[in-house]
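Here is a friendly walk through one structure, feature by feature. Keep the sequence and the 3D view at hand as you read.

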Amino acid sequence: MKRFFLFSCLMLITPFVCIANTVKSVAITAIVEHPSLDQIRDGVKDELTSSGYILNENLTVKYKSAQGSSATAAQIARQFIADKPDVIVAIATPSAQATAAVTKQIPLVFAGITDPIAAKLVKNWEPTNTNITGVSDFQEIGPQIDFMKKIVPNVKSVGYIYSPSEINSTVVMKNLKAQLAEQNISLVAVPAQRTADISTAANSLKGKVDLIYTTTDNNVVSAYESLVKFANENKIPLLASFPDAIERGAVAAYGMSYYDVGRQSGKLVVRILNGEKPGSIAPEIGQALRLVINIEAAKKQGATLSPEVIQSAYKVIGE
């Protein structure tokens, strides 16, 4: 959606010369609202501001959440396409897939997607020559397993709750199962299609696992407090691949800042607004993994953290 908002007219010897400045428009859609995805949205907006865009002057930003519904995500995508923004930012896999399905012209920047190749948004990590680019939150499984063993050194069984409909979650589950098996560690993976199913899925892990590992599965994150409650009551350490989980009650997290993912995605949006084609910009992966620890949660969940692990943390809370 492009429109003219100001005409600056200069009096010269010749008749008036008018210079038109255009307002750029960015539409942001997310599959659901929770702290990690909200931080991506905020990071995008802050990057736009720091690049010289001023909201309601030379920039308009529209935001809509699908509230966890794939059908609503598709509806939002169609609405945004009708608005014809300069760029659409799609946060999380379902929203990106819904948007990609209805436009091949409007630039689409995905953000916070674990495996954009498996999601069929891109074919590889090279420039796509399409209308799509973006930033993935992909993390290698090996370092995550090393992280689990640092927090629970004698781990023999890992619990993992996932949404079967979320490609990012199923990809992590398959890779996690294979690589844990190489170290003689079993994975107990429990599907939970809806947010309401998380508590039941957690209860099925009782007595079967040494820790529970969580990623940014949107159903899981939306019901994280119920998972924390289960971990506290049953003395099972809850670990995460995203630092936001620490404030919500996880023992430890090793991952990237989703606000930083938003800023990184915002840089791609700015490049497109400045004239670059999305298809000429290679998809990127988020940077700077950090270990964050919650001492109080460790006490509640029966995790004994070594001084070396605590000292190696980027941030420690609850001391």
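## A buried aspartate in a loop

Asp86 sits in the loop between α2 (70-83) and β4 (87-91). This is a predicted model, so what follows describes computed coordinates. With a relative accessible area of 11%, Asp86 is buried. Its side chain has a partner, too: one of the polar atoms there lies 2.8 Å from the backbone nitrogen of Ser25.

## Strand β9 and its neighbours

Next, look at strand β9 (residues 211-214). Leu211 and Tyr213 point one way from the strand, Ile212 and Thr214 point the other way, and all are buried.

Strand β9 has a partner in strand β7 (residues 157-162): the two run parallel and are joined by two bridges. Here Gly159 stands opposite Ile212 of β9. Strand β9 also pairs with strand β10 (residues 238-240), again in the parallel sense, over three bridges. In that pairing, Thr214 faces Ala240, which belongs to β10.

## Aromatic pairs

How many aromatic pairs does a search of the whole structure find? The search finds four. Phe147 and Tyr254 make up a tilted one, with 6.0 Å from centre to centre and 35 degrees between the planes. This pair links distant parts of the chain, since Phe147 belongs to helix α4 (residues 141-151) and Tyr254 to strand β11 (residues 252-256), 107 residues apart. Are the two partners buried or exposed? Phe147 counts as buried at 4% relative accessibility, whereas Tyr254 is partly exposed, with a relative accessible area of 23%.

Tyr160 and Tyr213 form another pair: their ring centres are 6.4 Å apart and their planes meet at 25 degrees, so this pair is stacked. Because Tyr160 lies in strand β7 and Tyr213 in strand β9, the pair ties together parts that are 53 residues apart in sequence. Tyr160 and Tyr213 are both buried. Together with Tyr162, Tyr160 and Tyr213 form one aromatic cluster.

The strand pairing and the ring pairing can be viewed together here. Strands β7 and β9 are joined by two bridges, and a stacked pair of rings, Tyr160 and Tyr213, also spans these strands.

## The largest pocket

Now for the empty space. Rolling a probe the size of a water molecule over the atoms shows where such space is left. The largest pocket holds about 280 Å³. Its lining is made up of 16 residues, and the closest to the pocket centre are Leu121, Val122, Lys123, Thr128 and Thr130. By type, the lining of this pocket divides into seven nonpolar, five polar and four charged residues.

## Cavities inside

The structure also has three cavities of 30 Å³ or more. The largest cavity has about 100 Å³ of space. Among the residues lining the largest cavity are Thr114, Asp137, Phe138, Gln139, Tyr213, Ser241 and Tyr258. Tyr213 is thus a residue to revisit: besides lining this cavity, Tyr213 belongs to the aromatic cluster with Tyr160 and Tyr162. The lining of the largest cavity comprises five nonpolar, six polar and one charged residue.

The second largest cavity has a volume of about 60 Å³. Its lining includes Leu37, Ala92, Thr93, Gly112, Glu166, Asn168 and Asn218. Thr114, Asp137, Thr216 and Tyr258 line the largest cavity and also the second largest cavity. The residue types in the second lining are four nonpolar, six polar and two charged.

## An enclosed helix and a helical aspartate

Why is helix α3 (residues 93-100) described as largely enclosed by the rest of the structure? Seven of its eight residues are buried, so the description follows from the count. The buried residues of α3 are Thr93, Pro94, Ser95, Ala96, Ala98, Thr99 and Ala100. Thr93, named in that list, also lines the second largest cavity.

One more aspartate closes the tour. Asp244 is found in helix α9 (residues 244-247) and, at 14% relative accessibility, counts as buried. From C-alpha to C-alpha, Asp244 is 27 Å from Ala77 in space, and the two are 167 residues apart in sequence.

Technical notes: Residues numbered from 1 in each chain as written. Predicted model: local features only at pLDDT ≥ 70, side-chain atom pairs only at ≥ 80, totals over all residues. Heavy atoms only, no water. Helix = DSSP H or I, 4+ residues; strand = E, 2+ residues; numbered from the N terminus. Buried < 20%, exposed > 50% of the residue type's maximum accessible area, 1.4 Å probe, protein only. Polar contact = N/O pair within 3.5 Å; in protein donor to acceptor, adjacent residues only side chain to side chain. Pairing = 2+ DSSP bridges. 1 Å grid on protein atoms, 1.4 Å probe; cavity = no way out; pocket = protein on both sides within 12 Å on 5 of 7 lines; lining within 4 Å. Points joined across faces, edges and corners; volume = space filled by probe spheres on them. Nonpolar A, V, L, I, M, F, W, Y, C, P; charged D, E, K, R; others polar. Phe/Tyr/Trp six-rings, centres within 6.5 Å; stacked < 30°, edge-to-face > 60°.
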